[in-house]
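Student: I would like a close look at a single part of this protein, with its packing worked through step by step. Could you take one helix and its surroundings and describe them in a connected way?

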Amino acid sequence: MGLLMLVLFVIILILLASCVKIVPQANAYVVERLGAYQGTWSVGLHFKLPLLDKVAKKINLKEQVVDFAPQPVITKDNVTMRIDTVVFFQITDPKMFAYGVENPIMAIENLTATTLRNIIGDLELDQTLTSRETINTKMRASLDEATDPWGIKVNRVELKNIIPPAEIQNAMEKQMKAERERREAVTRAEGEKKASVTVAEGKKAAAILEAEAEKQSAILRAEAQKEKMIREAEGEAEAILKVQQATADGIRMIREAGADESVLRIKSLEAFEKAADGKATKIIIPSEIQGLAGLAASVKELVSDK
């Protein structure tokens, strides 16, 4: 009897322990009572009735990522390509997720494939390759609206890979190669143009500097020639001044010795004669000496008669 009571006590203890449930963070439990929806347990400690209540579904409330296999699609210009997508979704209503659709992940995959075919069917090949952001936005809006009755919110949709046919890939590679070669040729031409402009500007600057140097050199030569001529003129003037000073001194000495006016004029004429034999190019003769020419001629005739 004691053993039976012990067994019953252990069974009751196990049943009570099974009725205690702890829901972890970012999770939710959907509870049913006798097969009907009873409630949704959130994070924390919960108790259920033994044999009557059961946890029908444990739901993860974290954002989930599903990578679907490439789907064949046809563009507006009849090019068949394969596109695989990545869908980021989160469960917002555990009850609707548990009872809304039988297999939510498969439903999202099929819905993604059909939505992708509808969007790509309105685009040409070039638009498909260059409009990823537009396609992502349209797919997210369409999937989010379609999955709302299932308690699912689609946060983001990304086109992971766009795989065109092999012949299209070859044509694209050739086009890219031609474009790179064109850019290279343009860059090389621009470089050569800049180099030519730089060389021309250098030659222009050198010519300007050379002309400026020649100009400065000519100015310096002219100034040097001018100074030389000034020095020569000053030297000649000084020489004439000294001759005149010496003549004046001689005349003064003759006058002091008692010579008459005629002798003084002859001496002055001889002094100018000596000055004319020098390097001076121009001699200014006073007016009173000009009258002396006649006196000199008269003296010469007188000497000849004798």
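Tutor: A good place to enter is Thr-85, which is buried, because its relative accessible area of 2% falls under the 20% cut-off. This is a predicted model, and Thr-85 lies in strand β8. Leaving aside residues up to four places away in sequence, Thr-85 touches Val-66, Asp-67, Phe-68, Thr-112, Leu-116, Met-139, Glu-158, Leu-159 and Lys-160.

Among these partners of Thr-85 are Thr-112 and Leu-116, and both are buried residues of α3, the helix to follow from here. Helix α3 has 17 residues and reaches 24 Å from its first C-alpha to its last, close to the 24 Å expected at 1.5 Å a residue. Its buried residues are Pro-104, Ala-107, Ile-108, Leu-111, Thr-112, Ala-113, Thr-115, Leu-116, Ile-119 and Ile-120. A general point helps in reading such a list: an α-helix has 3.6 residues a turn, so residues three or four places apart point the same way. The buried residues of α3 pack against the strands β7 (71-74), β8 (80-91) and β9 (152-163) and the helices α2 (94-100), α4 (125-130) and α5.

Of these neighbours, α5 deserves a separate description. Two packed helices are described by the angle between their axes and the distance between the axes. Helix α3 (residues 104-120) packs against helix α5 (residues 132-147) at an angle of about 135 degrees, and the axes are 10 Å apart. That angle makes α3 oblique to α5, and the crossing in which α3 passes α5 is right-handed. On the side of α3, the contact is made by Ile-108, Leu-111, Thr-112, Thr-115, Leu-116, Ile-119 and Ile-120, while α5 contributes Ile-135, Lys-138, Met-139, Ser-142, Leu-143, Ala-146 and Thr-147. Sorted by character, the residues of this contact comprise 9 nonpolar, 4 polar and 1 charged. Thr-112 and Leu-116 of α3 and Met-139 of α5 belong to this contact, and Thr-85 touches each of these three residues as well.

To set this part in its context, the protein has 9 helices and 9 strands, and 23% of its 306 residues count as buried. Among the contacts in the protein with a separation of 6 or more, 61% come from residues 24 or more positions apart.

Key:
Residues numbered from 1 in each chain as written. Predicted model: local features only at pLDDT ≥ 70, side-chain atom pairs only at ≥ 80, totals over all residues. Heavy atoms only, no water. Axes fitted to C-alpha atoms, helices over the stretch in contact; angles between N-to-C directions. Helix = DSSP H or I, 4+ residues; strand = E, 2+ residues; numbered from the N terminus. Parallel < 35°, antiparallel > 145°, perpendicular 65-115°, else oblique. Left-handed = near helix turned anticlockwise from the far one by under 90°. Contact = heavy atoms within 4.5 Å. Nonpolar A, V, L, I, M, F, W, Y, C, P; charged D, E, K, R; others polar. Expected span 1.5 Å × (residues − 1). Buried < 20%, exposed > 50% of the residue type's maximum accessible area, 1.4 Å probe, protein only.
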